[in-house]
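I opened this entry to keep track of what I looked up, in the order I looked it up.

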Amino acid sequence: MKKVILIGFAALFMMACNTKNETGSDSKMENKIEMGNPADVQVTEGGVFKMQGLPYAYNALEPFIDARTMEIHYSRHHLGYANNLNKAVEGTEMVNMSIEEVLKGLNPENAALRNNGGGYYNHNLFWEVLGPDKGGVPQGILADAINRDFGSFNEFKKLFTEAATKQFGSGWAWLVANKEGKLSIISTPNQDNPLMEKLGYTGTPIFAIDVWEHAYYLHYQNKRKDYVEAVFSVVNWDKVTEKYNTAIFKD
Ligand code: MN
């Protein structure tokens with residue numbers, strides 16, 4: 001009799017455990033894809049150029065930019081550029097320079113520095129000029145400059161979208177300002193950027209869109225134009241205006 005009761009209890013106990021396990025794992029699988037935290041993404045110890053963090057969560061730009069793309073882009077692609085940049089500058093005087101100074105003085109034949117220094121800087125700028133609940137149109141001094149140099153915001157957006165979609169293969173579209181405040185749109189291949197003076201570029205970048213496939217392929221596949229349109233819905237124009245002000249009052 002005792003034995004039967006014990007077996008009975010053991011069976012009930014096992015059933016209870018099974019039910020609990022199944023319920024626990026099911027809800028985790030169905031409801032939640034585990035996302036890391038941008039704050040945990042750090043360069044390899046000793047690297048002088050750090051990850052600056054994201055000013056929002058990975059899912060903050062949905063539905064325009066999906067959380068999975070953001071996570072992979074920031075924690076793998078951007079981190080990879082940062083770590084490789086740190087390797088490229090190790091043991092040189094560049095460890096004491098800003099990334100802007102490094103890029104301005106860049107020897108284009110130094111491929112490791114060109115690709116990874118560019119990749120590091122370009123993504124820092126890209127994350128900074130986006131944000132949740134943004135989009136719309138710029139105001140104030142930047143709106144005036146856009147109207148003056150492109151005719152209207154819509155004309156600017158059209159030209160910028162053309163530059164972004166016509167860049168063959170991987171690259172970036174940029175809005176740059178010269179010291180007099182004049183705006184221009186340019187595109188660059190790979191991780192090149194407008195600060196690389198020896199490549200013939202001029203102007204200070206104030207806004208950019210990453211058109212590498214890693215920036216959009218999961219959600220938009222080959223539809224780069226749809227992705228560019230979506231990015232315009234999350235542009236932080238206040239931040240771009242801040243960068244414009246800084247660019248035109250520089251030495
Ligand atoms: Mn990218």
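**The metal site**

I began with His 73, which is buried, with a relative accessible area of 2%. I note here that the model is a predicted one.

I looked up what holds the manganese ion. Its donors are His 73 (NE2), His 123 (NE2), Asp 210 (OD) and His 214 (NE2), at 1.9 to 2.1 Å. Along the chain the donor residues follow the spacing H-x49-H-x86-D-x3-H. His 73 belongs to helix 2 and Asp 210 to strand 3 (residues 204–210), so this pair ties together parts that lie 137 residues apart in sequence.

I then checked Asp 210 for burial. Its relative accessibility is 0%, so Asp 210 counts as buried, the cut-off being under 20%.

**Helix 2**

Since His 73 sits in helix 2, I went through that helix next. Does its length fit, and what span should I expect from 23 residues at 1.5 Å a residue? The expected span is 33 Å, and the end C-alpha atoms of helix 2 are 32 Å apart, which agrees. Helix 2 has a kink of about 30 degrees, and the kink is centred on His 73. After helix 2 comes Gly 91, with a positive phi near 80 degrees.

Before helix 2 I looked at Pro 63, which is in the loop between helix 1 (2–31) and helix 2. The peptide bond from Glu 62 to Pro 63 is cis, and its omega is near 5 degrees.

**The whole chain**

I stepped back to the overall make-up. The protein has nine helices and three strands. From the N terminus the order of elements is α-α-α-α-α-α-β-β-β-α-α-α. The protein has 251 residues, and 43% of them are buried. Of the contacts with a separation of 6 or more, 69% are between residues 24 or more positions apart.

**The nonpolar core**

I asked which residues touch the most other members of the largest nonpolar core. They are Phe 156, Leu 183, Ile 206, Phe 207, Ile 209, Tyr 227 and Trp 237, in a core of 69 residues. Helix 2 (residues 67–89) gives the largest share of this core, eight residues.

I picked Tyr 227 from that list and looked up its contacts. Beyond its neighbours within four places in sequence, Tyr 227 is in contact with Phe 126, Ile 209, Asp 210, Ala 215, Tyr 216 and Tyr 220. Asp 210 in this list is also a donor to the manganese ion.

**Helix 8**

Tyr 227 is one of the buried residues of helix 8 (residues 224–231), along with Arg 224, Val 228, Ala 230 and Val 231. The buried residues cover an arc of only 160 degrees around the axis, which puts them on the same side of helix 8. They pack against helix 4 (111–128), helix 6, strand 3 and helix 7 (217–220).

In the loop between helix 7 and helix 8 I found Gln 221. Gln 221 is not a glycine, yet its phi is positive, about 45 degrees. With a relative accessible area of 32%, Gln 221 is partly exposed.

**Helix 5**

I repeated the check on helix 5 (residues 140–150), where the buried residues are Leu 142, Ala 143, Ala 145, Ile 146 and Phe 150. Their arc around the axis is only 165 degrees, which puts them on the same side of helix 5. I noted the general rule beside this: an α-helix has 3.6 residues a turn, so residues three or four places apart point the same way.

Which exposed residues are on the face turned away from the buried side of helix 5? They are Asp 144 and Arg 148. The cover over the buried residues of helix 5 includes helix 6 (153–166), strand 1 (171–177), strand 2 (183–189), strand 3 and helix 9 (237–248).

Helix 5 is followed by Gly 151, which has a positive phi near 100 degrees. In the loop between helix 4 and helix 5 is Asp 133. Asp 133 also has a positive phi, about 55 degrees, although it is not a glycine. I looked up whether Asp 133 is buried or exposed: at 78% relative accessibility, it counts as exposed.

**A last loop**

I ended with Glu 197, in the loop between strand 2 and strand 3. Glu 197 is partly exposed, with a relative accessible area of 46%. Glu 197 and Leu 106 are 91 residues apart along the chain, and their C-alpha atoms are separated by 7.9 Å.

Technical notes:
Residues numbered from 1 in each chain as written. Predicted model: local features only at pLDDT ≥ 70, side-chain atom pairs only at ≥ 80, totals over all residues. Heavy atoms only, no water. Core = buried A, V, L, I, M, F, W, Y, C linked by side-chain atoms within 4.5 Å. Buried < 20%, exposed > 50% of the residue type's maximum accessible area, 1.4 Å probe, protein only. Helix = DSSP H or I, 4+ residues; strand = E, 2+ residues; numbered from the N terminus. Contact = heavy atoms within 4.5 Å. Donors = N, O, S within 2.8 Å, 3.2 Å for Na, K, Ca; no water. Expected span 1.5 Å × (residues − 1). Bend = angle between axes of the 7 residues up to and from the residue. Arc of directions from axis to C-beta.
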